[in-house]
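Please open the structure in your viewer and keep the sequence panel beside it, since this tour moves from one selection to the next. At each stop you will be told what to select and what to look for there.

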Amino acid sequence: QVQLVESGGGLVQAGGSLRLSCAASGATVSIGAIGWYRQGPGKQRELVATIGSGGSTNYADSVKGRFTISRDNTKNTVYLQMNSLKPEDTAVYYCNAKRLAFYGHGEYWGQGTQVTVSS
């Protein structure tokens, strides 16, 4: 079992920056890829960025060049550095971890953290 806890959200003006953290605990050896998703008001959940076990990254076109996903040396925490924030970035941001197939297909979700970008 894996637990994911997001933190770092808040209210920021357009053009500002925030760094989100996703702390994993429990059976972290079972985790494969980790991603950040977001859901804005009245919108569907969308993928923001992913990072694989080998360090490969992918980004949504809407955030490419502004956001950076990374992992610290302990391999227990994943970050999302968000720069040049825009009002359309306002959403609840969720951390997602996918299981390695060896441990059975499945995934884990954190509780989410609110990011609000004002004009």
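Leaving aside its neighbours within four places in sequence, with which residues is Leu 4 in contact? Before selecting anything, bear in mind that this is a predicted model. Now select Leu 4, which is found in strand S1, residues 2–7, and display its surroundings: beyond those sequence neighbours, Leu 4 is in contact with Cys 22, Ala 23, Ala 24, Cys 95, Asn 96, Ala 97, Tyr 108, Trp 109, Gly 110 and Gln 111. Leu 4 has a relative accessible area of 7% and is therefore buried. If you add Ser 21 to the selection, you can check a distance along the way, for the C-alpha atoms of Leu 4 and Ser 21 are separated by 9.8 Å, with their positions 17 residues apart along the chain.

**The disulfide**

Two of the contacts of Leu 4, namely Cys 22 and Cys 95, are the next selection. These two cysteines form a disulfide, with their sulfur atoms 2.0 Å apart, and the count for the structure comes to one disulfide. If you read the dihedral about the S-S bond, you should find -80°, so that the link of Cys 22 and Cys 95 is left-handed. Because Cys 22 lies in strand S3 (residues 18–26) and Cys 95 in strand S9, the pair ties together parts that are 73 residues apart in sequence. Cys 22 counts as buried at 3% relative accessibility, and Cys 95, at 0%, counts as buried too.

**The salt-bridge network**

Next, select Arg 38, Glu 46, Arg 66 and Asp 89 together, since these four are linked in a network of salt bridges; the structure as a whole holds five salt bridges. Begin with Arg 38, found in strand S4, residues 31–39. Arg 38 forms a salt bridge with Glu 46, in which the closest N and O atoms are 2.8 Å apart. How do the two partners stand, buried or partly exposed? Arg 38 is buried, with a relative accessible area of 5%, whereas Glu 46 is partly exposed, at 34%.

Stay on Arg 38 and turn on polar contacts, where its side chain is joined to that of Asp 89 by a polar contact of 3.0 Å and to that of Tyr 93 by another of 2.9 Å. Leaving aside neighbours within four places in sequence, the contacts of Arg 38 also include Gln 44, Val 48, Ser 62, Phe 67 and Val 92.

Then move to the other pair in the network, where the side chains of Arg 66 and Asp 89 meet in a salt bridge of 2.8 Å, N to O. This pair links distant parts of the chain, with Arg 66 in the loop between strand S6 (57–59) and strand S7 (67–71) and Asp 89 in the loop between S8 and S9, 23 residues apart. Both Arg 66 and Asp 89 are buried.

**A further salt bridge**

Select Lys 98 and Glu 107, which form a salt bridge whose closest N and O atoms are 3.7 Å apart. Glu 107 counts as partly exposed, at 42% relative accessibility, and Lys 98 likewise counts as partly exposed, at 35%.

**Thr 113**

Go next to Thr 113, in strand S11, residues 113–118, which counts as buried at 11% relative accessibility. A polar atom of its side chain lies 3.2 Å from the backbone nitrogen of Gly 9. Among the other contacts of Thr 113, apart from its neighbours within four places in sequence, are Glu 6, Leu 20, Ala 91 and Tyr 93.

**Ser 84 and the surface patch**

Select Ser 84, in the loop between strand S8 (77–82) and S9, and read its backbone torsions. Most residues other than glycine have a negative phi. Ser 84, although not a glycine, has a positive phi of about 50°, and at 40% relative accessibility it counts as partly exposed.

For the last stop, show the surface and select Val 29, Leu 100, Phe 102 and Tyr 103, which form a nonpolar patch with about 440 Å² of accessible area together. Within this patch, look at Phe 102, in the loop between strand S9 (91–99) and strand S10 (107–109); at 73% relative accessibility, Phe 102 counts as exposed.

Technical notes: Residues are numbered from 1 along each chain as its sequence is written. This is a predicted model: local features need pLDDT of at least 70, side-chain atom pairs count only at pLDDT 80 or more; totals for chains, interfaces and linings use all residues. Side-chain values use heavy atoms; hydrogens and water are left out. Patches are made of residues with over 30% relative accessible area and no salt bridge: like charges are joined within 9 Å, nonpolar side chains (Val, Leu, Ile, Met, Phe, Trp, Tyr) within 5 Å. Accessible areas come from the Shrake-Rupley method with a 1.4 Å probe; for residues, only the protein chains shown count as cover. Helices (H or I, at least four residues) and strands (E, at least two) are DSSP runs, numbered from the N terminus. Buried means under 20% relative accessible area, exposed over 50%, partly exposed in between (1.4 Å probe, protein chains only). A polar contact is a pair of N or O atoms within 3.5 Å; within protein, one must be able to donate a hydrogen and the other to accept it, and residues adjacent in sequence count only if both atoms are side-chain atoms. Contact means heavy atoms within 4.5 Å. A disulfide is a pair of cysteine sulfur atoms within 2.5 Å.
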